[in-house]
Each structure stands twice: as structure tokens, then as C-alpha cells.
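Work through the exercises below with the sequence and the 3D structure open. Each task is followed by its solution.

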Amino acid sequence: MTLTTETSESALPRGLDLDSELERGRRAYELDRTHVFHSWSAQDQIDPMTIVASEGSYIWDGNGRRLLDFSSQLVNTNVGHQHPRIVEAIREQAARLCTVAPQYVNDARSEAARLISERTPGDLNKIFFTNGGADANEHAVRMARLHTGRYKVLARYRSYHGGTDTAINLTGDPRRWPNDYGNSGVVHFAGPFLYRSQFHATTEHEECQRALESLERTVQLEGPSTIAAIVLESVPGTAGIMVPPAGYMRGVRAICDRYGIILIADEVMAGFGRTGHWFAIDHFGVIPDLITFAKGVNSGYVPLGGVAISAEIAATFADRAYPGGLTYSGHPLATAAAVATINAMEDEQIVDNAARIGNEVLGPGLRDLATKHPSVGDVRGLGVFWAIELVADRTTREPLAPYGTSSPAMAAVIAACKANGILPFANFNRIHAVPPCTVSDTEVVEGLKALDAALDVADSHIVS
Ligand code: PLP
């Protein structure tokens, strides 16, 4: 593989040797294509990017080219790549104690549980650790079913809750379709999304009221006494970063209270600083009964997820065994990484940085791009959690890729992002600007410049 002039100028971070890392990357690519089976993909139709190094807000690809990571990988590297305090904590923990079974006490797990409990709202002070977000949702639903003695679960369309059986059935996006056997007791409802309102609403207030009325009607028609839980991403992520209107989450909480239904807030993507608060639900002053988390809890340096449990639900399992567990629940390497992540976020005011970046740099910058580029139908978000909705026609709001798929136009926009130096998160007709919570002002400006150039490509695909 020959390097272009541009790539040969890139030096790798921390003194890593370019030639040997590129050689390692080439070997990795060959083995990947021979032996690795990738998620959500037709195996012969993909050409995955190799990543040979990373640091802070940047990654280096298999050509040694530096790209600004505006995706935070899968929206998980909230403290950026290779944060030295977390790398060191993992190293130290590995030297002291690599693994213990979940029935034993371990200091990393205990301390992580304390730090998480101190940040969750209300009395969600018990933590059940899982390996990631999907199994956190599986267990939250199991807890809600056992606590209420009811089976059905309500979840919204335009949502993602994970790839395991219950989690994918909860999911309200096309990834559920081939996995949906219709037997999980899940009922979907439409949540608020003014830009593509299903309620013919023209204001956020109308959208909020009508979405709540519709949800309550669904509860009544399904039979309140059959419904264990309503599961909601506090701010839906992959499905489009639709920040709920003021009053919506409070309204959902009130419906749950009226009918004895458990409210599960899925904070797997939105939690741990991404929206400029520790949890996205904090924007709405609502206390759910269960919070599921993963990703940002330790920036994904070691797989970890969990459920934060209210005192009332925890009491259900005081004298009755909770029928669930995992070999790696609260794994020391993962929880030591969580302890270091949360402490670093606190000490370095990383959550505040995410809020400030959203309010002062990224949000205003994206809104400026929306005024300049006719292909931008909508820009929305909070903190370092933003979606740019691309349309072929601003009047009809026809998306630049049909729901559930990509399009040549979107592929060209994504390619232009990469050509201009950023790694974007893309879904259907949207580009998400989701850099780490640690991103600097100058890095955001660099990212906005690259997006500006990529949006010129999007503009060339609009229908006149
Ligand atoms: N819930 C939400 C909101 C997510 O965004 C994701 C993953 O993207 C999940 C659950 C599933 O998490 P995991 O992939 O760790 O199982």
C-alpha cells in the first residue's frame, strides 16, 4: 500500500512507529476479511476502515491518515481516546486483580457502584452491572416484569435499545424487522418528533400534548393492568437525536404513576455527560424507576453496562432472589475503568465542557450551516449530541435517503466527510455530530469546516 503525500505527513501519537503500525494494520485487514464476521453487515459488501492509533479526539486510519472522530466510535468515547488516567487505571487493576466472579466483593466494583449511584437522580442507589447496553435493557425489563407481575412493555418507534432478543424487540427502527417474532409482549408507540410529526402538530407544545394523549390512549387500549414498563431513551440517539419537548418526560412519568407502570430510561447513549448533564433525564427533572447505562460509563475502554435501580424495585428482591446474572457482572477491569472515567470527568469538568461546547460552539455552528446549506432540513441536539437531517427537498422534507436505508447521495456525503478529515456517525439520511465530551473549541471549528465542505456535496443532490 503506498501512502499519499497527505498521509505520509501524519505522525502517530505517543511515538508509535508509523511503518510498523501500518504493517500491523495491513495484516489485521487481511485477517479481518478472512476471519471476522461483522455486525449488521452483508459480509462481502463491506470494506471496513482499519484504525491503527487514536488519541484524544483523533484516530489514525490504515493509511496513517489522521481523522477527527466526530462519531466517538459508536458514541461511547466520552472522555476521548486513550485518556491517560483510564489507561493507567486499567493497567494498575490488571496488575492487581484481573477478574473475580460476581458473587465476591471487589473494590473496583463497589467504588464504581458508589460513584454511579451518587450521580443518578432520586433513590436509584443500587447498581446491577452488565456487559453492555442491550443486556442492561434485558435486565431492566426483567426487573420491571417481576416487580409488577405484568408482562407487556411499551417502547417508542424511532428508538434503539440493543441487539439481544428483548432489546431488539423493544427497538423501534428497521434493525428490529428481521429479528421480530412478535412474541415478546412489546407494543410500540409514536413519540414526539415535531420535524416529522405524526400528530399534525405545528408547535412543540402541540406535539408534546398530542404525543402524551396518544401514549395514554395506547396504555388504556392495551390494558394498564398488563403493562409492566414504558422504556424510553431520554433523548433518542441513533434514531435521530430528537430532544423531547418540555413537559413530555414529565407527562410520561405521570402516566406511569397513574397506572402503576415502571419507567425505564435508557441512557446507554445519552448518559454520562453526552448531553451536558450526567444523565439526559436530568434536563427534564424526572426520576425514572430504572436507568440503563453503558458506553460513556467508562468510555467503552472495557465493555460495561448496568441498571441503576430504585429503592422500591430493589426492595422487591430483598428476600426474593433476583433470577438473573452474568459471569462478568462488575468485572474489575471494566469497573476500574469506570471509576477512573467518572473521577476524570469530575476533576476535568468534562460534563460542563460538553454543555458549553453545545451551547456556544457546536450548536450555533451547526445552525449556521443549516442556514447556508439547502440540503439541511433540520438541526437538533444538546451538548455534544447533534443530528443534521439531510433532505432532497426542504419543502416536502423528502429525506436524502429513504427510511431504513442509505443512498448514493448519503454515501457521497459520508465520503466527503472523510475526505475532509472527519469520521462522522451516519444513519439513513442523517449525519450526527457526536464528538467526545472533551472536544476543544478549535477541534469543533475544524469539524464544522469539514462538514461545511461535505454539505456542499449534499446540496448538489437536492431536487430543484
Ligand atoms: N440503548 C441505546 C440507546 C443504544 O444506543 C445502544 C447502542 O448503541 C444500546 C442500548 C445497546 O448497547 P450495546 O451495543 O452496548 O449492547
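**Exercise 1. List the residues that Leu390 touches, leaving out those up to four places away in sequence.**

Solution. Apply the contact rule, heavy atoms within 4.5 Å. Leu390 then touches Ser375, Val376, Pro399, Leu400, Met410, Val413, Asn429, Ile431, Leu455 and Ala458.

The model is predicted: local features need pLDDT of at least 70, side-chain atom pairs count only at pLDDT 80 or more, and totals for chains, interfaces and linings use all residues. Residues are numbered from 1 along each chain as its sequence is written, and side-chain values use heavy atoms, with hydrogens and water left out.

**Exercise 2. Find where the largest nonpolar core lies with respect to the domains.**

Solution. Step 1: a nonpolar core is a set of buried Ala, Val, Leu, Ile, Met, Phe, Trp, Tyr and Cys residues joined through side-chain atoms within 4.5 Å. Buried means under 20% relative accessible area, exposed over 50%, partly exposed in between (1.4 Å probe, protein chains only).

Step 2: the largest core has 108 residues, and Tyr248, Leu366 and Leu390 touch the most other members. Helix H12 (residues 350-372) contributes 9 residues, the most to this core. Helices (H or I, at least four residues) and strands (E, at least two) are DSSP runs, numbered from the N terminus.

Step 3: the core lies between domain 1 (13-82 + 350-459) and domain 2 (84-347), because both give residues to it. The domain bounds come from an automatic or database domain assignment.

Step 4: a second, separate core has 23 residues, including Phe128, Ala229, Leu290 and Ile309.

**Exercise 3. Check the span of helix H9 (residues 248-259) and say what covers its buried residues.**

Solution. Step 1: the expected span is 1.5 Å times one less than the number of residues. For the 12 residues of H9 this gives 16 Å, and the end C-alpha atoms are 17 Å apart, which agrees.

Step 2: the buried residues of H9 are Tyr248, Met249, Gly251, Val252, Arg253, Ile255, Cys256 and Tyr259. Their cover includes strands S6 (186-189), S7 (227-233) and S8 (262-266), along with helix H8 (204-222).

Step 3: Gly260 follows H9 and has a positive phi, near 65°.

**Exercise 4. Describe the interface of domain 1 and domain 2.**

Solution. Step 1: the domain centres, taken over C-alpha atoms, are 25 Å apart. The contact takes 41 residues from domain 1 and 44 residues from domain 2.

Step 2: the two domains bury about 3200 Å² between them, 60% of it on carbon and sulfur atoms. Buried area is the accessible area (1.4 Å probe) that two parts lose on being put together, summed over both.

Step 3: in domain 1, Trp40, Val351 and Phe385 lose the most area to domain 2, together 22% of what that side buries.
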